[in-house]
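Let's take a walk through this fold, side chain by side chain. Keep the viewer open as you read.

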Amino acid sequence: MKKWLGAMLAVLVVIAGFFAGCQKKEASSANGMKIFFSLNKMDTFRQTLVDAAEAAAKEQGAQFAVKDAQGMIETQVKDIKQAVSDGYNVIICSAVSAETAVELKASAGDLPIVFVNSRPQDIHLKAGKYVYAGSDDAAAGQFQAEYILSALASKPEINVILIKGPSGHSATTGRTKGLKQALAASGKTVRYVFEDHGDWDTAQAEKLVEIFRRTKADVDCIVCNNDAMAMGAIQACKKAGILDETLILGVDATVDGCQAIKDGEMDCTIYQSAKGQGQAAVDAAVQLVSGGSIKDIEGASEDEKYVWVPFEKVDSGNVSQYQ
């Protein structure tokens with residue numbers, strides 16, 4: 001009996017050791033992994049994104065480095081090639097232009113890429129190798145449209161100024177498309193009385209709204225693809241004395257954007273979780289290097305090409321939750 005119990009105890013010890021080893025291996029699967037973050041151009045939102053990715057990488061035991069391409073495609077390609085030479089295992093890439101996905105993949109060689117912030121076309125993504133971690137930009141535009149339609153429900157006609165991000169940027173395309181489709185489906189007459197690219201920039205957006213004001217045309221709302229441009233629109237409307245009668249909407253729920261809502265200067269923004277995107281990008285990167293699937297990451301799509309981090313609508317009723 002004692003021999004039997006001793007044998008059983010030995011077996012249990014071996015089994016326990018095996019599972020403990022598996023658990024340890026899983027928990028430290030990123031130890032020694034080298035993650036390179038190629039950034040398109042630093043701004044407030046992307047700084048939070050990078051900080052979140054760096055914190056997530058360190059938490060999982062991975063090495064982390066970032067380079068800012070400062071909006072230059074040639075620099076980004078050079079940085080990625082250097083990362084390959086330096087022995088990095090995976091690239092997180094906020095592309096200067098999503099249209100350069102083929103060139104960026106070629107520069108990365110055999111390394112997997114997790115795209116963030118600037119979304120390539122679906123054809124350039126591949127499960128297990130090239131994925132996108134971010135938010136569905138069309139949803140941000142749809143949320144903006146929902147707010148407008150609710151706030152201006154009594155108006156059969158709506159005059160809109162649309163200040164967009166850079167031409168060709170995936171967020172510009174997605175947010176603009178989502179807004180226009182949702183407004184068109186409302187059955188109201190929607191006139192885009194002015195539409196131009198503010199390139200995410202506060203001063204540029206302010207200048208564009210001032211140009212529009214020279215036409216003396218009526219406007220009901222100013223919709224911006226991000227909060228920085230919404231801040232410029234606010235300044236222009238203040239100067240023109242029309243802030244109280246004009247809806248102003250942005251995207252990102254930045255510190256300045258949330259404060260503007262609290263101050264009654266901006267009406268709505270759409271929260272885009274830079275922290276959530278940074279964490280999701282690192283989680284996906286670790287899985288790709290480990291040869292695993294991203295399917296178990298929260299927000300992963302069925303085709304395993306995307307990890308979606310949801311947008312959230314922010315207005316005066318809930319802004320305190322986001323400050």
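What follows looks at confidence, then aromatic rings, then charged side chains.

Start with how far to trust the coordinates, since this is a predicted model. The chain averages a pLDDT of 91, and 91% of the residues score at least 70. The beginning of the chain is another story: over residues 1-28 the pLDDT is below 50, and beyond near neighbours in sequence this stretch has 0 contacts in the model.

Now for the rings. Searching the whole structure turns up 7 aromatic pairs. Take Tyr132 and Tyr306: their ring centres are 6.5 Å apart and the planes sit at 70°, so this pair is edge-to-face. Tyr132 belongs to strand E5 (residues 130-134) and Tyr306 to strand E11 (residues 306-308), so the two rings tie together parts that are 174 residues apart in sequence. Both tyrosines, Tyr132 and Tyr306, are buried. Bring Trp308 into view as well, and you have a cluster of Tyr132, Tyr306 and Trp308 linked by ring pairs.

Some rings have a lysine for company. Lys105 lies over the face of Tyr130, 4.7 Å from the ring centre, while Lys180 lies over the face of Tyr192 at 4.9 Å from the ring centre. Lys180 also turns up in a salt-bridge network with Lys164 and Glu195.

That brings us to the salt bridges, of which the structure holds 13. Glu157 and Arg191 meet in one of them, at 2.9 Å from N to O. This pair links distant parts of the chain, with Glu157 in strand E6 (residues 157-164) and Arg191 in strand E7 (residues 189-197), 34 residues apart. Glu265 and Lys238 meet in another, at 2.7 Å. Here Glu265 sits in the loop between helix H9 (255-262) and strand E10 (269-271) and Lys238 in helix H8 (residues 227-240), so the bridge ties together parts that are 27 residues apart in sequence. What about burial? Glu265 is buried, with a relative accessible area of 19%, whereas Lys238, at 38%, is partly exposed.

Finally, which side chain of opposite charge is nearest to Lys34? That would be Asp86, 6.6 Å away, and Lys34 is buried yet has no salt bridge. The cut-off for a bridge is 4 Å between a side-chain nitrogen and a carboxyl oxygen. Lys34 lies in strand E1 (residues 34-39). Leaving aside neighbours within four places in sequence, Lys34 is in contact with Gln63, Asp86, Gly87, Tyr88, Asn89 and Val90.

Conventions
Residues numbered from 1 in each chain as written. Predicted model: local features only at pLDDT ≥ 70, side-chain atom pairs only at ≥ 80, totals over all residues. Heavy atoms only, no water. Phe/Tyr/Trp six-rings, centres within 6.5 Å; stacked < 30°, edge-to-face > 60°. Helix = DSSP H or I, 4+ residues; strand = E, 2+ residues; numbered from the N terminus. Buried < 20%, exposed > 50% of the residue type's maximum accessible area, 1.4 Å probe, protein only. Lys NZ or Arg CZ within 6 Å of the ring centre and 35° of its normal. pLDDT = per-residue confidence, 0-100. Contact = heavy atoms within 4.5 Å. Lys, Arg positive; Asp, Glu negative; His and termini not counted.
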